[in-house]
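Reader: Please take a close look at the nonpolar core of this model. I would like to know what it is made of, what packs around it, and how the chain outside it compares.

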Amino acid sequence: MTLSNIKPFIPSGGNFEASKELFLAFGFEIIWESKGYVGFQKDSVSFILQDYENKELAQNLMIQIEVDDLDDFWNELEKKEISKKFKVKLRKPTTFPYGREVHFIDIAGVCWHFAEK
């Protein structure tokens with residue numbers, strides 16, 4: 001048996017449409033959509049956004065995505081004014097004992113770790 005991919009179901013929080021717009025602004029593309037679900041993909045990363053609100057789940061869920069160039073990634077986010085447009089939390093590139101990351105708390109409360117390879 002060979003495993004090849006994982007596609008987490010991510011809760012959207014209380015505003016499914018705003019969450020869709022947020023991930024589009026991040027550069028993800030919608031590859032399919034069905035009632036209450038959207039499949040997103042960018043390069044080899046994909047996930048399913050679910051029209052679902054559960055604050056306890058969202059605030060305890062963390063996702064890590066590796067990027068080739070964290071500084072370029074951060075500069076793109078700043079240019080797009082993601083934090084301002086969507087009222088979400090972004091932490092600039094920071095070095096931690098386990099590596100360098102940008103942290104992003106989405107509309108639902110999920111913490112995304114964009115990590116430098």
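Author: The account below starts with the core, moves to the helices beside it, and ends with selected loops and the segment before the first strand.

This is a predicted model, in which local features need pLDDT of at least 70 and side-chain atom pairs count only at pLDDT 80 or more, while totals for chains, interfaces and linings use all residues. Residues are numbered from 1 along each chain as its sequence is written, and side-chain values use heavy atoms, with hydrogens and water left out.

The largest nonpolar core has 27 residues. A core here is a set of buried Ala, Val, Leu, Ile, Met, Phe, Trp, Tyr and Cys residues joined through side-chain atoms within 4.5 Å. Buried means under 20% relative accessible area, exposed over 50%, and partly exposed in between (1.4 Å probe, protein chains only). Inside this core, F26, W112 and F114 have the most contacts. Two or more residues come from each of α1, β3, β4, β5, α3, α4, β7 and β8, where helices (H or I, at least four residues) and strands (E, at least two) are DSSP runs numbered from the N terminus. The element that gives the most is α3, with four residues.

W112 can serve as an example of the packing. Not counting residues up to four places away in sequence, W112 touches I10, F23, F47, I63, I65, V102, H103, F104 and D106 (contact means heavy atoms within 4.5 Å). One of these partners, F23, is also one of the buried residues of α1.

Helix α1 spans residues 16-25, and F16, S19, K20, L22 and F23 are buried in it. Viewed down the axis of α1, these buried residues fall within an arc of 160°, so they line one face of the helix; the arc is that of the directions from the helix axis to the C-beta atoms. An α-helix has 3.6 residues a turn, so residues three or four places apart point the same way. The cover over the buried residues of α1 includes β2 (29-34), β3, β4, α4, β7 (99-105) and β8 (111-116). Just after α1, G27 takes a positive phi of about 110°.

Helix α3 has its own buried residues, L70, F73, W74 and L77. They cover an arc of only 95° around the axis, and that places them on the same side of α3. Over the buried residues of α3, the cover includes β5, α4, β6, β7 and β8. The strands β7 and β8 and the helix α4 thus appear in the cover of α1 and again in that of α3.

Two further buried residues show other contacts. P11 lies in strand β1, and P11 counts as buried because its relative accessibility is 3%. Leaving aside neighbours within four places in sequence, P11 is in contact with L49, Q50, Y52, L57, A58, L61, A108 and V110. The C-alpha atoms of P11 and K79, 68 residues apart along the chain, are separated by 26 Å.

G109 sits in the loop between β7 and β8 and counts as buried at 15% relative accessibility. With its neighbours within four places in sequence left aside, G109 is in contact with A58 and Q59. A58 is also among the contacts of P11. Between the C-alpha atoms of G109 and Q64, 45 residues apart along the chain, the separation is 15 Å.

The exposed positions remain. L3 belongs to the segment before β1 (9-11), and at 72% relative accessibility L3 counts as exposed. The C-alpha atoms of L3 and A25 are 22 residues apart along the chain and separated by 30 Å.

D43 is placed in the loop between β3 (37-42) and β4 (45-50). Its phi is near 55°, a positive value in a residue other than glycine, and D43 is exposed, with a relative accessible area of 63%. K87, in the loop between α4 (82-86) and β6 (89-96), likewise has a positive phi of about 55° although it is not a glycine. K87 is exposed as well, with a relative accessible area of 75%.
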